[in-house]
Structure formats: C-alpha cells, structure tokens
Amino acid sequence: MIWFTLLLVLLVLAALWASMATALLRAMLGLALTSALLAVVMFAMGATLAAVLELSVCAGLISVVMVSVTSLTQPRSLKEAVAARRSRLRRLWPLPLVLIAAGVALSFVRVPVDIVFRLPAGDGDVRTVLWSMRQLDLFGQILILLAGVFGVLVLFRKEAK
Amino acid sequence: MSDLLLLVPFVAVIFLNLLPKRARGAALWIAFGVLVLEVAAAFAERFATIEVSAFAALERVFPFHLATDGLAGLLMLCAGLVGMAALLVARKTFEDADDRFFFSNLVLVALVGINGIAMVRDLFSLYVFVEVTAVATFILITARRMAGNEGDHAFEGAWKYILLSVIASVLMLTAVGFLLLSTGEITLAAAKEALATQDPLAWIAMGLFLCGLFVKGALVPFHGWLADAYTAAPAPVSVFMAGIVTKASGIFALLRIAQSTLGGAAPGREILLVVGAVTIVVGAFLALTQTNMKRMLAYSSVSQMGYIVLALGGDLGIGILAAGFHFFNHAISKSQLFANAAAIEKELGTLDMDEMGGIGSRMPVTAGTTAVATLSIAGLPPLAGFWSKLLIVLALWNAGEYAFAAVAILVSLVTLAYFLSLQRRVFFGKPLEKWAKVHETAPGLLVPAVALALVTIALGIGFPFVLKVLLGGGA
Amino acid sequence: MTIEIPTSFWLYFTFFALLFLDGIWCMLATRNLVRVLIGIEILMKSVTFFLIAAGYLSGRMALAQALVITVIVIEVVVVVVIAGVILGFFRKHDSLDVGNARDMKG
C-alpha cells in the first residue's frame, strides 16, 4: 500500500511541476508525465482499458496538440517572456505549501461513514458495459468529435481576409 | 421515435457536408427544415401512440435509453423556435457564405445536444450532452472574425464562458463519482432513491451537481460569464444562446431534477428559493445600470432565470407548470429581443443606448416588437409573460412563501423600469441628427421578430384556453 | 510484484482534492492562456482519477471505465477547441497575455 501511495504522491508532484514550470514546454512535459502516471495508477487499480486510452490520448495526442499550439503562437517579445517569468514565480510559490498543508489537514480528518465496498459486487466487462449499456454515451462521443471537427475547420483555418 | 430526434439532425449534418460546394447555400434552409421537424416532434410526442414497425426496428439498432415526456416536449419546442429565429437572423447578419454554412452545421449539432438533454434519464449522459452543446457554443461564439469593434470582444466573452463551463463540468463529474459511490448507479431514479435514504454521499452528489448546473445556467453567484458571452457573440449566436443554450444546459436540467429527483424535498426547495430570489434581484439591478443594449438584455436574462428557479421552490404542482411556462415565454421573448438588437446593430452600427435616440419613428416594426417583448417579460397583461409571472407568484403563495412572492412582484417593477429605460433611450423622442437616414431593417430580420411577437400576444390572450388543454392533457 | 491497492476513500479523496486545487491554482495564477489550458487539463485529470477511484471502491469498475473513456474523448475535443480559441486570440493580438483582452466593462 505504501508503493501505491507513493505513486499518488508522484502524480501530485508531476501535476505541481506542470503548473509551476517556468518554461512552457517543460510545463507540457509535466502534463504528459501526469497523464502517464495517472495511466499507471489506473492500470494498477484494474482499469486497463481506460489506462490505455489515457496514456495514448492524453499523454500522447494532447501533448501533440499543445506543442503545436505553442509553436504556432510563439510569443514575440523576449522581454515580455522574462517579465512574465518573474511575476509568475511570485504568484505560484505558495502553491506547494498550500498543497502540503491541505494534504496534512485532510489526513487528520476521519470519515465517519463507511464507504468502502458496501455495495454488492459485480459489474461485468468494460466492453460489454460500453457497447451494450452506454450506447448513448458512444453516440455522444461521435457527436462531440463531430463538433471538434467543426472546431478545427472553423478555428484553425487560414486568415483569408 | 425518440432516437430519431437525435439521429435526424446528426444525419442532416453529415448530409450538409457531403453536398458539393455550390449547393452549400441551401445549408441554412435544410437546417431550418430540421428545426421545423423539431417543432412538429414536440407536438407529436403528445400523440405518439402510433407504433410504426420501422421505429421499433430503429430502437433495436440504436437502443438508447431515452424518455420523452411533456417536459422534453417543452424544451424541443423552444429549441425549434429559437433555432429558426437564429437561422433567420444569421441569414441577414452573416455576409460570408462560409460563416452561414458553419453556423447551420453547429446549430444542428447543438440541437442534438439539446434533444439529448431533454430526453436522458441518467446523470452522466446528461453531462455528455451538456458538453456537446457547450463545445458547439464555444465554437459559435468565437468563430466569426468581424471587422467591427464588437468582434474584438468575442474572445473575452468566450473565454470566461469556457473557464466557468469547464469548472461546472468538473463539478458535475465529481457528483457522478459520488453518486457511483453511493448507489453504484448513475440514473436519475437511483439518485432519487439514494436521496430518500438520507445517504450523505447522495446529498453531496446532488449538491455538487446542482452547483455545476447553477454555473451553466448563470445563476448568482455564478452569473459573471453571461453578460460578456452574450454581448460579444455575433448577433445570431446571441439569439441562440440567450434563447435556448443557457436554459437547456442549466435550467432545464434543474427542472428535470426537481420533477423527478428532488420532489419538493426540504433542503432542495430552500436552496432553490434563495438562489432564485438573489438571482432575480442581482440580475435586475445590474440590468438597470447598463448602457449597452445586449448587455442589459443579458442581465435581464439572468434575472428571469431566477424567476424560473424560484418557481421550483414553491408548491411543485403549480411550480413546474409555472417554471415551464416562464421558460417558454423567456425563450420566445428574449430571442426576439436579441433579434431586435441585431436589427438595430445592423442599421445603426452601435449598441450603445446613450448614442441612440428617437429611432422609433424610423424603425417602427422593430420598436413595436421590442415593446411587446419587453412588456411581456416585465409581466404586463394581457401578454404571455403576465400569466407566467402570475403562476410563479401563485406557486409561491400556495407554499406559504409570502416573502419570496413579494420579491418576485417587486422586482417585476424593476424589470419594467429598466425596460422602459431601454425604450426611452432607444426609441422615444425625435430622431437624432445622425440617425436621420436610418430606415427599417430588411424584412428577413423582421420576420423572426414579428413572428415571435405574435406568438407572445396570442399566447397571452389565449392563455386560459391553453391552460385548459395543458391541464386536460396532463403535464 | 503485486501492488496492494488501498481501500480508504479518504485517501483517494485527499489526492483528488490536491490535484483539483493544483489545477484551479494553475488556471487562476497565470496570465498566459496556454498555461490556463494546462490548468484545465489538470482539473480533468483529477476528476478522471476520482471516477476511477469511485469505480474501484463501489465495485463498479466496468461502468467507471466506460464513463472515463467517454470523459477522455470529451476532454480531447475540449482541449482542441480551446487551443483553437487561443490561436484566434493570438492571431488578433499577437500575444498570449490575457491582460490584452480586458476591455469589457460592467
């Protein structure tokens, strides 16, 4: 159990790195690392299919999208970047302290309600659930992908005017 | 049959994109046709006892778990009418054919989202369709690159909406997680049972989900994004957003949850009463101080959403009817007002009411329809808005909430005040020098305004008859 | 090596809360639009984690996974659309600093 908790701590640290890194590309690396660690956590908990999707889509595809956006939007002025970096640290340095404080505070709370494993077990296979019970969600996924396609067509088109 | 409501607009979108470039001009009218079907479907639901074997076969291929009932029919009717108005406004305000094409497509995608919201029976699917509608709306707000100065704000309007929408989504998903922990299921029925057993997890789940819905519906204190988003969006998008999107994503889900899950339970009612009342007051007073016409309309929307929520806190029997009717009235009247704003923006080039003056004589139709809509929303008889306000006050009175009923009535006066201020600044008096050459806007923009105004008047005068039909047929 | 999975709800909730807090702080403490997007992503990760934990603790792992799969697809589309919106902003203002957009009043 200690290993798993350590894994979760690493997850939070990676997310912390993603928020606090001064260089944007490092922040994105942190985000990809967070996704990868989350995928490992999910895999350890038995959510294999979701873990694979998280790894390939979030750690992979989203990182590609974000790096492309960064490369398309290279900020012009170096001075602007340096000034932003300084004010950034000022705004962000309390974050790790706040997180540690929150973590410690939360660990002292004892939950009176017994939440664990009180429901009758039994679920089934993900694939069965997804394809035979959650078809509406699948249709929703198709729809949102369609919306995404329009988003790309409309928002990423070349400036004609 | 309910599957068709999701599949038809979807197939229409695919079809529109398979058309050759030359035929794309018809896109707007095809979308319009789908919306006409939508309105027809809203009425057909009440008579849907016809079992056609083709439909049954469809259900086997696409076994979605959907429920159509009166409430769903209401949302679909509003969506159809508002969508038609938005398309007609787009026809005249988007000069670029590409813009019109994408607008039609995205409206259809949003329509599937809204139909989904109307019909789902489980919390997660509700989230999915709310997201579909939200993403389509994000794109709609920012898509058009206008040369005018309003276009510069499109980003800021969209950005606040996006940020708050994402936070709302996260809240809703966390609620789904809590519900899963509580009951192992995520259907609305399961939530109702779990709430009845006083399970704290279920209460947390419902609380979080409601918070998410409050953000989506722009209820106080989460109303900060609405004014910027409505004002910055291009005219037809404002019509669409104000008329249906905000209502469907936030308020409609509240109606559904109040009807099926909360069922008049005490803490839920009190929260709705307080949030509703505060929203009404804050929205109205913020509207009073505005100089930009669309911004005032936006804050007015916030205030009116408060009325709908307030009705749900009263006696639920009348409350649902009152809320539903006010929902419909606002969808009609607000869309019409934004269509009027579009006309004014097109002819005058500005929405700053301090710069306007006396254009009533130059644009009589716009002035007349604006008067109808504003008086209806303020609750003047014999217009439709009077009846819905009356029902809301009745629902509160019956539940013994006299203080809240008083708030509802008093703020109606404030509503009248800011709308009269709008009328005075924009339409009354002699036309200013610079507006001497202004003329009434194109018939294409007048048609939606006049049509919606006529609906408002007809519904207002004919309401007793409508009430008989509604109560006779069962809500 | 088999990892033993803890069964304490509060443990999972604590880490969810920490990730959530990190995401919100990241979103709010920056003026750079792309960093706000990173914050949004961290928020979505936190809720994905919570859903899986909820699935594990309630024995409904299959359902939770199905939900998470849908959430991931939605997440991707939302990120792409927001990236598009950011791109639009950049093209107009030639900067990623949101301070250049604060001209709406009221």
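Which residue of chain A forms a salt bridge with K45(C)? Keep that in mind as you open the structure, which is a predicted model. The tour gets to the pair at its second stop.

**Before you start: confidence**

Colour the assembly by pLDDT. The model as a whole scores ipTM 0.93 and pTM 0.92. Now isolate chain C, where the average pLDDT is 86 and 91% of the residues score at least 70. Select helix α2 of chain C, residues 33–58: confidence in chain C is highest here, with a mean of 94. Then move to helix α3 of chain C, residues 61–93, where confidence is lowest, at a mean of 90.

**Stop 1: chain A by itself**

Hide the other chains and show chain A as a cartoon. You will find seven helices and zero strands, and tracing the chain along its sequence gives the pattern α-α-α-α-α-α-α. Chain A has 161 residues, and 45% of them count as buried. Try a contact map as well: among contacts in chain A between residues at least 6 apart in sequence, 54% join residues at least 24 apart.

**Stop 2: where chain C meets chain A**

Bring chain C back and select the residues in contact between the two chains. Your selection should hold 66 residues from chain C and 83 residues from chain A. About 6,900 Å² is buried between chain C and chain A, and carbon and sulfur atoms give 77% of that area. Show W10(C), W25(C) and R35(C) as sticks: together they supply 10% of the area that chain C buries against chain A, more than any other three residues.

Next, look for the charged pair. The rule finds one salt bridge across the interface of chain C and chain A. Here is the partner from the opening: K45(C) forms its salt bridge with E54(A), and the closest N and O atoms are 3.4 Å apart. Polar contacts between chain C and chain A number eight residue pairs, with both residues at pLDDT 80 or more.

Colour chain C by helix to see what faces chain A. Helices α1 (9–28), α2 and α3 of chain C each supply at least two residues of the side that touches chain A. The most comes from α3(C), with 24 residues. Recolour by residue class, and the side of chain C that touches chain A shows 45 nonpolar, eleven polar and ten charged residues.

**Stop 3: a residue in helix α2 of chain C**

Stay with chain C and pick L57(C), which lies in helix α2. Is L57(C) buried or exposed? L57(C) counts as buried because its relative accessibility is 1%, under the 20% cut-off. Now add Y12(C) and draw a distance: L57(C) and Y12(C) are 45 residues apart in sequence, and their C-alpha atoms lie 9.7 Å apart in space.

**Stop 4: where chain B meets chain A**

Hide chain C and show chain B with chain A. The contact here takes 39 residues from chain B and 24 residues from chain A. The area buried between chain B and chain A is about 2,700 Å², with carbon and sulfur atoms giving 71%.

How many salt bridges are counted between chain B and chain A? The count is one. To see it, select D122(B) and R134(A), whose closest N and O atoms are 3.0 Å apart. Three residue pairs are in polar contact between chain B and chain A, both residues being at pLDDT 80 or more.

Several helices of chain B give two or more residues to the side that touches chain A: α1 (2–18), α5 (97–119), α6 (123–143), α7 (154–183) and α9 (200–216). The largest share, ten residues, comes from α6(B). By class, the side of chain B that touches chain A divides into 24 nonpolar, eight polar and seven charged residues.

**Stop 5: a serine in chain B**

For the last stop, go to S388(B) in helix α16 of chain B, residues 384–398. S388(B) is buried, since its relative accessible area is 0%. Show what surrounds S388(B): leaving aside neighbours within four places in sequence, S388(B) is in contact with F325(B), H326(B) and N329(B). Follow the side chain of S388(B) too, which reaches the backbone oxygen of G385(B) at 3.1 Å. Finally, draw a line from S388(B) to L208(B): the two are 180 residues apart along the chain, and their C-alpha atoms are separated by 29 Å.

Notes
Residues are numbered from 1 along each chain as its sequence is written. Chains are lettered from A and ligands numbered from 1 in the order in which they are written. Side-chain values use heavy atoms; hydrogens and water are left out. pLDDT is the predictor's confidence in each residue, from 0 to 100. Helices (H or I, at least four residues) and strands (E, at least two) are DSSP runs, numbered from the N terminus. Contact means heavy atoms within 4.5 Å. Buried area is the accessible area (1.4 Å probe) that two parts lose on being put together, summed over both. A salt bridge is a side-chain nitrogen of Lys or Arg within 4 Å of a carboxyl oxygen of Asp or Glu. A polar contact is a pair of N or O atoms within 3.5 Å; within protein, one must be able to donate a hydrogen and the other to accept it, and residues adjacent in sequence count only if both atoms are side-chain atoms. Ala, Val, Leu, Ile, Met, Phe, Trp, Tyr, Cys and Pro count as nonpolar, Asp, Glu, Lys and Arg as charged, and the others, Gly among them, as polar. Buried means under 20% relative accessible area, exposed over 50%, partly exposed in between (1.4 Å probe, protein chains only).
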